[in-house]
Amino acid sequence: MAQNELQAALRLLPSVEVLLRDPGVAESTRGFGHDLVARLVRGTLDAWRTRVRRGGWDADRVEGALAEGLLLRDIEEAARGERGRGVRSVVNATGIVLHTGLGRAPVHPEVAERMAEAARSYCVLEVDRFSGLRNQRDDRLGELLVRATGAERGIAVNNCAAAVLLVLNTFGTQGETILSRGELVEIGGSFRMPDVMERAGTQLREVGTTNRTRIGDYRSAVGPTTGLLLKVHTSNYRVRGFTEDVSPTELAELGRETSLPSAYDLGSGLLEPEGVRPLDFLGESSVRDAVKSGVDCVMFSGDKLLGGPQAGLIVGKGDTIETLRKNPMYRALRLDKVSLAGLEATLERMLDGRAESIPSRALMLLPPEEVLHRARALAAELDALGGFQAEVRADASQPGSGSAPDVFLDTHVVVVRHAELSSDALASALRAGDPPVFARIHEDRLLLDPRTLLEGDAGRLVEACSAIAGAPE
Ligand SMILES: *Cc1c(COP(=O)(O)O)cnc(C)c1O
């Protein structure tokens, strides 16, 4: 197309100023403030100019598109995108129970209520309400952790990564931390054990080999500069075949023998009520067992298998925990009142016989016939919407978040097809919808796994699909 034709087409586009005065734009960007509206309008116009140039749109084409109101529709879309950003509730139909991208463990509604209450009001945090004296913010949580894990004492920080950092910085500084080569893991989000050690101010002393490490390897590495004996759970991967690792019991014994502190980073943190082990099938080491092994401290996450809010919990020997508390770094890593309230409520639930009501546990323990029943009901509702075809098929859900990476849970999924949209387009429409829905795509099919639907989610999911079914193309 000739340059002058292109210029003529571009000149048809309204200016930013004109659009800012447009009542339609004002309506769709209500409450946004001038600068944000101007940015959205400018961005949309830029995209249109590019489209006109690249697509070789002539004046007629631009005029037609403007007459159809497509520019205003794009601004409206941009405004909707702006409103829909940030942390918000979504429907998780992926079947991954602890989905890191979707916020890991959803807490029980009553736990959420306790958290909301702590957030919106003043609360008893660092004062004893009966004596009126100052106390520690995690005194109550510490007691609950002792009861739940059998440890002498407990302390809480922001997440398990922070727990590891605190332990390394407390015991490893000015010396070496001994760790098996088979456990030099990356946990995700660039949290790599060797890098964390460096930042924590301890020197990594690797021992053994990738597939086999014995306690003798640790023992021969102990010297005058050793600060800490460490074991890390290889959460998100498994070394199989000709393997051998050091048990926490052996590590604890070596610690006593050499008067060195021993620590076990458990990560996933399987914590069950005493004598009840329905999640044993996950093959994860339990926090209680790790404590029983005699290591000085055990670190685990609050929002993995425990099913509480994000936190890093450290339990173990009384003097070890007190030493951690005295590290000035603890002040920078400690938990806020909202998470503390949520953890207390989650652990109380675990301890008073209501463990099975903790949502992430309940989802993992959902009987296959119940999932099948829910899948059939969901498929029937989706099938009844115009444009959708749904069928039920056997598949597998996952615990997620690096917990039990090779364990799959029998499930039934709803395989959904849309008359016009490809699986990817449907998935992206569902993510952008209200409420946003996250599904699983497998072999170009969109799968909805009812296992991870919480109370009321099935209805919200059908509503979201119905909005897509009825949407004009
Ligand atoms: C997940 C994990 C962590 C990190 O826990 P966050 O709570 O996400 O910080 C640390 N160590 C291990 C072994 C883990 O599995």
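This passage describes the surroundings of the ligand and the cysteines of a predicted model. Residues are numbered from 1 along each chain as its sequence is written, and side-chain values use heavy atoms, with hydrogens and water left out. Local features need pLDDT of at least 70 and side-chain atom pairs count only at pLDDT 80 or more, while totals for chains, interfaces and linings use all residues.

The ligand is surrounded by R104, N159, C160, A161, I187, H233, S235, D265, G267, S301 and K304. A residue is near the ligand if one of its heavy atoms lies within 4 Å of it. By class, this shell holds three nonpolar, five polar and three charged residues. Here Ala, Val, Leu, Ile, Met, Phe, Trp, Tyr, Cys and Pro count as nonpolar, Asp, Glu, Lys and Arg as charged, and the others, Gly among them, as polar.

Polar contacts (pairs of N or O atoms within 3.5 Å) link the ligand to the protein. In R104, a polar side-chain atom lies 2.8 Å from a ligand oxygen. The side chain of D265 places an N or O atom 2.7 Å from a nitrogen atom of the ligand. For S301, a side-chain N or O atom is 2.7 Å from an oxygen atom of the ligand. On its own, the ligand has 390 Å² of accessible area (Shrake-Rupley method, 1.4 Å probe). The protein covers 93% of that area.

The count of disulfides (cysteine sulfur pairs within 2.5 Å) is zero. C465 counts as buried (under 20% relative accessible area, 1.4 Å probe, protein chains only) because its relative accessibility is 1%. C123, at 33%, counts as partly exposed (between 20% and 50%).

Definitions and conventions:
A polar contact is a pair of N or O atoms within 3.5 Å; within protein, one must be able to donate a hydrogen and the other to accept it, and residues adjacent in sequence count only if both atoms are side-chain atoms.
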